[in-house]
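Grab a pencil and work through the exercises below with the structure open beside you. Each task comes with a solution that goes step by step.

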Amino acid sequence: MSITVTKVRHNWPETAGFTINRPKGIDSYTFLYFHNAVELELNGKIQVTTPGSWIIFKPLTPQWFCSHEPLKHDWMHLLGDVEEALSQVGLEA
């Protein structure tokens, strides 16, 4: 099993109103950990997360989230056997 981290940021700051809108996703897995609440679109519905929430998007999966307050988040872009590694610990992307 092989996983490559292609980009990573920890405690990354963004201004209030920051929005990610990737209707076609990106070519890698995306891991996001939110230090504060964000609005997150999943399956066409907007959900409000709680601080400490995280998500992993599969490649080419639409991504949309917005923070109405200054945002701090950790994120990584990953390539490789991500789904296999997740399944070994009972998780899925």
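**Exercise 1.** Not counting residues up to four places away in sequence, which residues does F18 touch?

*Solution.* Before starting, keep in mind that you're looking at a predicted model. With sequence neighbours up to four places away set aside, F18 touches F65, C66, S67 and L71. Next, place the residue: F18 sits in the loop between β1 (3–14) and β2. Then check its accessibility, which is 18%; the limit for buried is under 20%, so F18 counts as buried.

**Exercise 2.** Find the largest nonpolar core and say which elements give two or more residues to it.

*Solution.* Start with the members. The core has 11 residues: F18, I20, L32, F34, V38, L40, I55, F57, F65, L71 and W75. Now sort them by element: β3 (29–34), β6 (54–57) and β8 (71–80) are the ones that give two or more residues. Don't stop there, since a second core, separate from this one, has six residues, including Y29, I56, L78 and V82. As background, nonpolar side chains in soluble globular proteins tend to be buried together.

**Exercise 3.** Is L32 buried or exposed, and what is it in contact with beyond its neighbours within four places in sequence?

*Solution.* Locate it: L32 lies in strand β3. Its relative accessibility is 4%, so L32 counts as buried. Now list the contacts, again leaving out neighbours within four places: S53, W54, I55, F57, F65, H73, D74 and W75. Take S53 from that list and look at the spacing. L32 and S53 are 21 residues apart in sequence, and their C-alpha atoms are 8.3 Å apart in space.

**Exercise 4.** Work out the strand order in the open sheet that holds β2, and name its edge strands.

*Solution.* Go pair by pair.

- β2 and strand β7 (residues 63–66) run antiparallel and are joined by four bridges. Here N21 stands opposite W64 in β7.
- β7 also pairs with β4, antiparallel, over two bridges. Across this pairing, L40 stands opposite F65 in β7.
- Strand β4 (residues 39–42) pairs with β5 over four bridges, antiparallel once more. E41 has I46 in β5 as its bridge partner.

String those together and you get four strands in the order β2-β7-β4-β5. The edges are β2 (19–22) and β5 (45–48), each pairing on one side only. From one strand to the next, the twist averages 25°. One more thing to spot: β4 and β5 make a hairpin with two residues between them, and N43 in the turn has a positive phi of about 55°.

**Exercise 5.** Now do the open sheet that holds β3: what is the strand order, and why is one side of β1 and of β6 left without a neighbour in the sheet?

*Solution.* Begin with β3 and β6, which run antiparallel and are joined by four bridges. F31 finds its bridge partner in I56 of β6. The whole sheet has four strands in the order β1-β8-β3-β6, with antiparallel pairing. β1 and β6 stand at the edges and have a single partner strand each, so one side of each is left without a neighbour in the sheet. The twist here averages 15° from strand to strand.

**Exercise 6.** How many aromatic pairs are there, and why do the rings of F18 and F65 count as tilted?

*Solution.* The count comes to three aromatic pairs. For F18 and F65, the ring centres are 6.1 Å apart and the planes stand at 55°, so the pair is tilted. That pair links distant parts of the chain: F18 is in the loop between β1 and β2, F65 is in strand β7, and they're 47 residues apart. With 1% relative accessibility, F65 counts as buried. Next take F31 and W54, with ring centres 6.0 Å apart and planes at 35°, so this pair is tilted. F31 lies in strand β3 and W54 in strand β6, so the pair ties together parts that are 23 residues apart in sequence. W54 has 44% relative accessibility and counts as partly exposed. Finally, look for a cluster: F18, F34 and F65 form one.

**Exercise 7.** Which elements of the protein chain have the lowest and the highest mean pLDDT?

*Solution.* Start with the whole protein chain: it averages a pLDDT of 95, and 100% of the residues score at least 70. Then go element by element: helix α1 (residues 82–88) has the lowest mean, 89, and β7 the highest, 98.

How values were computed:
Residues numbered from 1 in each chain as written. Predicted model: local features only at pLDDT ≥ 70, side-chain atom pairs only at ≥ 80, totals over all residues. Heavy atoms only, no water. Core = buried A, V, L, I, M, F, W, Y, C linked by side-chain atoms within 4.5 Å. Buried < 20%, exposed > 50% of the residue type's maximum accessible area, 1.4 Å probe, protein only. Contact = heavy atoms within 4.5 Å. Pairing = 2+ DSSP bridges. Axes fitted to C-alpha atoms, helices over the stretch in contact; angles between N-to-C directions. pLDDT = per-residue confidence, 0-100. Phe/Tyr/Trp six-rings, centres within 6.5 Å; stacked < 30°, edge-to-face > 60°.
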